[in-house]
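User: I am new to this model and would like a close look at one part of it. Could you walk me through the surroundings of a bound molecule?

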Amino acid sequence: MSGVNGAAHSNQLSLDRDLVSPFTALQAMAESSRCLYCYEAACVTACPTAIDIPGFIRKIGTGNVKGAARTILDANIMGGTCARACPTEVLCEQACVRNKAEAEPVLIGGLQRYATDVLFKAGVQPFTRQAPTGKHVAVVGGGPAGLACAHRLALLGHEVAVYEARAKAGGLNEYGLAAYKMVDDFAQRELDFILSLGGITVKTGVALGRDVTLAQLRQDFDAVFLGIGLAGINTLGVAGEDLAGVADAVDVIAALRQRAAPPVSLTGRRVVVIGGGNTAVDAAIQSLCAGAAEVTMAYRRGMAEMGATGHEQDLARTQGVVLRTWLAPREILGGGGAVSGIVLERMAMNAGRLVGTGETVTIPCDVVLKAVGQKLAPGGLDGLALAGGRIQVDETLATSLPGVYAGGDCIKSGEDLTVQSVADGKAAAFAIDAYLKA
Ligand SMILES: Cc1cc2nc3c(=O)[nH]c(=O)nc-3n(C[C@H](O)[C@H](O)[C@H](O)COP(=O)(O)OP(=O)(O)OC[C@H]3O[C@@H](n4cnc5c(N)ncnc54)[C@H](O)[C@@H]3O)c2cc1C
Ligand code: SF4
């Protein structure tokens, strides 16, 4: 995803360069002066973590930049990542009253990034933990939901052990968000900042269902939080999916983020990305950054129905991605075991239903990247009730098992966004705190 969270866009994206140029102190001061400090501000309501936006902008305006950062991080401990990755154009900035008069919102994301960058650069830890409660909580998954939950629990005086399946914690902040949004190893710097509070131990390379069971965790800890995201991948279900040159977009993105060789070579290749969401846009743009000769995104519905916002669609176009709509994959063609093209059927709406027209087009290509959504990997969730393919929770984010809570992408609380996962993690921590004190 691609929020306009700073001063100006870099024209040509690369995997090492910021999507936007961060504000200078002067620019931040000038931008802060545009805020009207609205009473019952619409921008705050539009933020899933309810950051006191006018409050932090006022602090920037009065030169109290670290105080501004504290206000942000108190509501959203991943305010630094969200300042880089939030689709602000459909959240806080869309709600800003400045849109009405000037068609130009206060650039809240850019100001948030400025404030949190200043605090991080100063190496300040603005929070202090409450007195120890003697309670221990296990958090499964070291992504935004898990880390936000762990941080708030540690603040409240509990001891937290985070179990993370991958080699590094950070979740999709580390392995998913586009490289040009998270330059300079920001996900790990933010993780270090969170852990510097104390009270949180991270155990990487430990997977629920493989190395540890839910029953064990429930026995060993006073409560458990599940923030395991959506680790399963949807398939296209068409012939040729097993050919060399076909890969899951999230695996390619993860490799590019880790500066590792992607599962398919992209250099000089003609790439077709199947999907219309943020993952598809990120995969398409980053394929070009990684040296692909041409990239086409094919989506089965129209532009208006794409999960990617208008801003993201524009970004893809300006970077040279060809966006093609009303096309659904039917067969991946191969020669000598490798991809040589993809056959897509033209789609149309008929009486409110998406139907194939029977007409097909073939796009010659060497690589097909699948970006048609992720799903819950159910391993290790024995005894837990699911709903709509995700973990079932009540309004306090409690699951069907006593003392077990869940949040982030593995439940359905709102859009699958970093900021929503942070909001869930924080809310679950307060619910767990109340459960432990009952
Ligand atoms: C390619 C891509 C780009 C995106 N871009 C944006 C963006 O720009 N802006 C935005 O707001 N959102 C974006 N999103 C969505 C956002 O990244 C997610 O909504 C968010 O990361 C979800 O947080 P989470 O903590 O629920 O899950 P995750 O970030 O997926 O973290 C879950 C963690 O749990 C671990 N885990 C999984 N199973 C187990 C297990 N069995 N045992 C132990 N650990 C386990 C995983 O390894 C992972 O570290 C993007 C998503 C993708 C896929
Ligand atoms: S809506 Fe816009 S002008 Fe009003 S407080 Fe929020 S950022 Fe400031």
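By class, how many nonpolar, polar and charged residues does the shell around ligand 1 have?

Analyst: Happy to help! This is a predicted model, in which local features need pLDDT of at least 70 and side-chain atom pairs count only at pLDDT 80 or more, while totals for chains, interfaces and linings use all residues. Residues are numbered from 1 along each chain as its sequence is written, chains are lettered from A and ligands numbered from 1 in the order in which they are written, and side-chain values use heavy atoms, with hydrogens and water left out.

The shell around ligand 1 has 16 nonpolar, 12 polar and six charged residues. Here Ala, Val, Leu, Ile, Met, Phe, Trp, Tyr, Cys and Pro count as nonpolar, Asp, Glu, Lys and Arg as charged, and the others, Gly among them, as polar. Altogether 34 residues surround ligand 1, each with a heavy atom within 4 Å of it. Those that come nearest are Ala85, Glu164, Lys181, Leu208 and Asp409.

Oxygen atoms of ligand 1 also make polar contacts (N or O atoms within 3.5 Å). One lies 2.9 Å from a backbone N or O atom of Ala145, and one is 3.3 Å from a polar backbone atom of Asp416. With Ser421, the partner is a side-chain N or O atom, 3.1 Å from an oxygen atom of the ligand. Taken alone, ligand 1 exposes 1000 Å², and the protein buries 93% of that (Shrake-Rupley areas, 1.4 Å probe).

Where does this shell come from? At least two of its residues are supplied by each of helix 9 (144-155), strand 4 (159-164), helix 13 (249-257), helix 14 (278-289) and helix 16 (418-437); these are DSSP runs, with at least four residues for a helix (H or I) and at least two for a strand (E). Domain 2 (136-231 + 376-437) and domain 3 (233-373) each give at least three residues to the shell, with bounds from an automatic or database domain assignment.

Strand 4 leads us into a wider picture. It belongs to an open sheet of five strands in the order 5-4-3-6-19, with parallel pairing; pairing takes at least two DSSP bridges between two strands. Strand 5 (200-204) and strand 19 (404-406) are the edges, each pairing on one side only. Five bridges link strand 4 to strand 5, and Ala161 has Thr201 as its bridge partner in strand 5.

Terms used:
A polar contact is a pair of N or O atoms within 3.5 Å; within protein, one must be able to donate a hydrogen and the other to accept it, and residues adjacent in sequence count only if both atoms are side-chain atoms.
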